Every structure is written in structure tokens, then in C-alpha cells.
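Dear colleague,

I am handing this structure over to you, and I would ask you to open it before you read on. My notes on what was found follow below.

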Amino acid sequence: MRSYKQELTNIEKMLHDFLECGMIDTKRLSIMDNIIEWSEKDQIRVVNSSYLPLNAQTSFFGAIRNIHISMKSMKEKLRLASIEHENPTTAQLALELMPSFFNLVPYLDPFFNENVYHKKVENVSKFSRILFRKAKYFGFSEDVMSQLSAAGVTKSQIKSFIESFSKNVALELDIEEEASSSLESTD
Amino acid sequence: MKVLIETSTLVSASICWEYKEKGKLFSLKHRFFEKCSGFLERCKQKGLAENVIITITVEYEARNVLNKAVKKTIRENATPDLLARFGLMVLQHIVTNEALDRLDYYVEECSTRLPINTRERERIKKNEIEPFLDQITKNTLRYIQPSIPSFIKPKSLRDELTRKMVESLPSKGVIYKGMPGDRDLDIMAEATMIYRMFQGREKIYVSSVDNHFKPNPVQIGSYLDPSMRFTGELDSTIRDKLAEKFGFIGDDPLRIFELIKGESKKKGFVEEIKVKKQRRQIQVPKQIAETAKELEGTTEAVLLNEKMEQIERIPVSELAQKLQGTKDVDTVIFDGVITQRLVDIAAEKKVKNLVAALLSETIKQPLQINLLTFAEI
């Protein structure tokens, strides 16, 4: 059985070791590969879980995507830090981010192992958002362009999303008259 | 003067997502983004964040609006193709987080929060505001719709007749959007509570782009009618009645900012800044001084390298994020406030100079960075 908790515990231990000896051993970074790989596949799994209510689907997708991007970026930063001899700082930042990953574990492990999802999906969104903000602040994030191109998002998809989102924001705000064309897109 | 931010202002200020691809700029920006975001940013820059209030109701509603709009958009764009579905989820994830980042920034750094007693709010809403509005909105119009016989076809002739008919009306009636929904009534009740909290000593404005709160533009023809147009007049009858009865004045963010500027001048706020400006003068490279002058009033930021060459010019709202991802930045000049968060990022990126319009008073002065204001150079 896969366990995000176990993998995160191993990563946390590795980061502690880096801090203690004051250097990053790049050979040990492959320990992060399991989570990076699982979280990549689990994103597709969530998208394919049509039985899930949309609210739960977006919450779990957001959480698992944030884990994937933050972990991937963290691995790369640690590797670069080792080359640039900035060792302790990056490992310390990575260690500071670990509790935000752990916050999500009680929701993710039951979901991905037993298909059981916690009814309080708003907690998943809340903790996922904390992880996103912290990771972005520490620089463990990926730029938008790379994300879009890696996900194969087409221009027509963006255009259609923008048009639809524009209409829905105005409808939700009940300002459709004031903002008959409420979003502008330039290309 | 206190300004309560209404949901429509907060949401409009939060929606802006831009990215460049092969030199082309893609942007998803709310039509009212510039004025709503500009309002909040300028209040912060002028040190007025303590006068700007975002209540928990408004914050929660704004998150709710974004959430619902995203969900609807996903449903409307749903496709059986798994890869396209994945792309759609990635896209919504990016757009949602970008909007929430801005929303969090406005809540945390551009405004303050006041405690609201929800029982009292419900009481004011049910017993005072709802019956009052129910009564005064009974005889209002949403727009003026002259009835022109259908056999008159040419648009120019119909337009001419419309103009004549509207001009000849003895009174255009009261133009108002109609009875507000529950969410708007909650915010009106909160604005009333804030007014009462200050016992009438403070003017309470509600910054909104929703016609339930601000003066309504006079419009001829239904908004569904392609020939509809605005006359350029504003009808503030209902807004004024609400202000008279409950103390809060709803208006457009731009108009409120003008009023704030006027009040600040009266209270010597501007003079106070000018006095501070004269405190010290520091010699800096010509490029820094020129860029600072150029940036004043633009809410933009410029990143310079060691040779004082421009690396990037971006909106201030994107500065923190951009700085984290840019190498070899020597100097950052921006039309905004130097905050502790920015100083921390700059220190991490080994930036030597941070030059901005204002400097937050709570900054811990770092040893390795020069913190300068426009006034000092």
C-alpha cells in the first residue's frame, strides 16, 4: 500500500540529516521521486473520478497538484543549492515546508488507498492553499507557462475558459448589467 | 472616513491573470480590475489601509463567488477527453490560486477588520433595511424603455424618436436596480453597524461596482436590447435615501478615492508627507532617480541589474513573485510601499537597493540592503 505519510517522513528525516551535516547529498534526493511520481499519476486519477462531486474533485486535485509541483521544485532547488554551495538555507526552507505537506496526509492517504474521501473537503482546500502559499513564498513553485505547456493546455481552451469564467463571475456577482463584458482578454 | 469594501470590488480587484507567450500578452482581467485594484493599492500607498475595512462576510462571499464561478466554468467546459479535462483542471487551479493570492493580499495588507455582531446584523437587516428598501424600491425603474411602433424600422429614426421621447418626459422616474439580494442586505447591515459603531463621527463609504450600492446610470432601452444606451446621467435617489437613513454612502471606488484625497488634504495628510520628504536627501545613480520619477503614480515596478540596465517592468502587484524568480537583480524601484515581506525576498535574492514611494514603519532595517523612498533621492 502506498503511503504519502511514510514517504514524507523519510523526506523529512533526509532534510534533518542535511541540516545536521551542513550539506546536501544529491544522491539521496531520489527518495523524493516516489511522491513526485505518485502525485503526477494521482492528478489524473482525481480528474477521472467522475463519481466525486465537483467540489471534492477540485479540492483533491488542487491538493495533489500542489504536492507534486512543490516537491518537484523542492528537489530541483536542493540539487541546485548543492551545486551553488547554498546548502543549509534551502534545506532549512524545505524542512519548514514539510508540516504543510503533512497537514494533507490524513485526507490523501485514505482517499488514494481506500477511495474514502473525507466529507470535510473544505479542510483539504484550506490546507492545500496553505501549502501553495508557503511553497510560493519559499520559491518552491513552477511558473505558469511551464505548467500550461506541460499540461498541454491549448489557446482555444484558455479562450473558452476565459469567456465562460467572465460570464459566470458577472452572474455570481449579479452585476451582469454593469459589466456586460466583464473580463477582457488580450492576445 | 472609513471605507467598507463590498464583494464586487474585492472580486473585481482579485481577477487578473497575465502571461506572455512568444511576446504576446494573454490576460484574464476583470473589466473593473484597474479601478478596484488601483483603489486598494493607492489607499495602502497613502497609508490609509487602517481606514479600509474588509469584513469577514465580504471576504467569505468573495471567495464563494470565485469558487462558484470556477465550478460553473468547469461544468460548462467539461469534455469526455481525459487530457482536455486535465488541462481544464490545471487551468482552473492556476486562475483560482492567482485570484486568491490577490484576495489574500488585499485582506492582509491593504485593509483592516472590525468585529461584527451577527445577531445585531440580522436584526438590522430584517427589521430596518429590508422593510425600508422593500418600500422605496416599489416604484423604481431599471431603465427607460420608450415604446416605438414596430413598423418604424430604420435604426436612425428609432434612435431619434427615442431621444425626443426621453427629452419630453416630465420626470424620468427613479432608476434603481431593484430589491437587493440577501448578500447585499448583509453588507448594508454591516455598513450601518460600522456607522453606528463610530456614532456618526466618521463618514462611512461603501466601495462597490454593483448598482445596488452606488448611484445608478440612466439607461434607455432594456439591457437585452442591442440599441440600449446610457445617457451619461446618474440617479442617486435610492443611494441618497439609504445614506440619509442608515449613514453609509455607496459609491464607485474611483469616486471614493477622489473624496479621500480631498479629505486627506483638508486634514494635512499631504502636507505631513511633504514634511517627511524633506528629512534627508541621498545621492543615487542617475538611472535610479530618473526611473523613480518616471514610476511615480503608475503602481509599476522596474528591476535593474548591476549595470543599471532594466531587466523587467511589471505591475507592483506581481513584484514579490517576479523577484523570487529573477536572477542578478541589483536594484528594485517601485511605486508602492516597502513591506517586510518584500525586504525578506530582496535579502534572499541579494538585492542591494530597494527604492519605493513609501516605507512601512514596521520594517526591520536589513544590513545588506539600502531602503530608500522617492522623497529621499
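A detail from chain B may serve as a starting point: B:Ile5 has B:Ser207 as its bridge partner in strand E7 of that chain. Please keep in mind throughout that the model is predicted.

That pair belongs to a wider arrangement, since strand E1 of chain B, residues 2-5, and strand E7 of chain B, residues 204-207, run parallel and are joined by four bridges. Both strands are part of an open sheet of four strands in chain B, where the order is E4-E1-E7-E10 and the pairing is parallel. At the edges of this sheet stand strand E4 (52-53) and strand E10 (248-251) of chain B, and because each has a single partner strand, one side of each is left without a neighbour in the sheet.

Two residues of chain B deserve a look for their backbone angles. B:Gln199, which is not a glycine, nevertheless has a positive phi of about 50 degrees, and it sits in the loop that lies between helix H7 (182-197) and strand E7 of chain B. Is B:Gln199 buried or exposed? B:Gln199 counts as exposed, because it has 7 C-beta neighbours inside 10 Å, where the cut-off for exposed is 12 or fewer. The other residue is B:Met308, also not a glycine, whose phi is positive and near 65 degrees; B:Met308 is found in the loop between strand E11 (300-304) and strand E12 (310-315) of chain B. With 14 C-beta neighbours inside 10 Å, B:Met308 counts as partly exposed.

Turning to chain A, you will find it divided into domain 1, which covers 4-142, and domain 2, which covers 154-187. The C-alpha centres of these two domains of chain A lie 33 Å apart.

Finally, there is the contact between the chains, to which chain A gives 42 residues and chain B gives 48 residues. On the side of chain A that touches chain B, the elements that give two or more residues are helices H2 (33-47), H3 (54-84), H6 (121-138), H7 (144-150) and H8 (155-173), together with strand E1 (183-184), all of chain A. Which element gives the largest share of that side? The largest share comes from H8 of chain A, with 11 residues. By residue type, the side of chain A that touches chain B divides into 18 nonpolar, 15 polar and nine charged residues.

With kind regards

Technical notes:
Residues are numbered from 1 along each chain as its sequence is written. Chains are lettered from A and ligands numbered from 1 in the order in which they are written. This is a predicted model: local features need pLDDT of at least 70, side-chain atom pairs count only at pLDDT 80 or more; totals for chains, interfaces and linings use all residues. Domain bounds come from an automatic or database domain assignment. Two residues are in contact if their C-beta atoms, placed from the backbone, lie within 7 Å. Ala, Val, Leu, Ile, Met, Phe, Trp, Tyr, Cys and Pro count as nonpolar, Asp, Glu, Lys and Arg as charged, and the others, Gly among them, as polar. Two strands pair if DSSP finds at least two bridges between them. A residue is buried if 20 or more other C-beta atoms lie within 10 Å of its own, exposed if 12 or fewer, and partly exposed in between; C-beta atoms are placed from the backbone.
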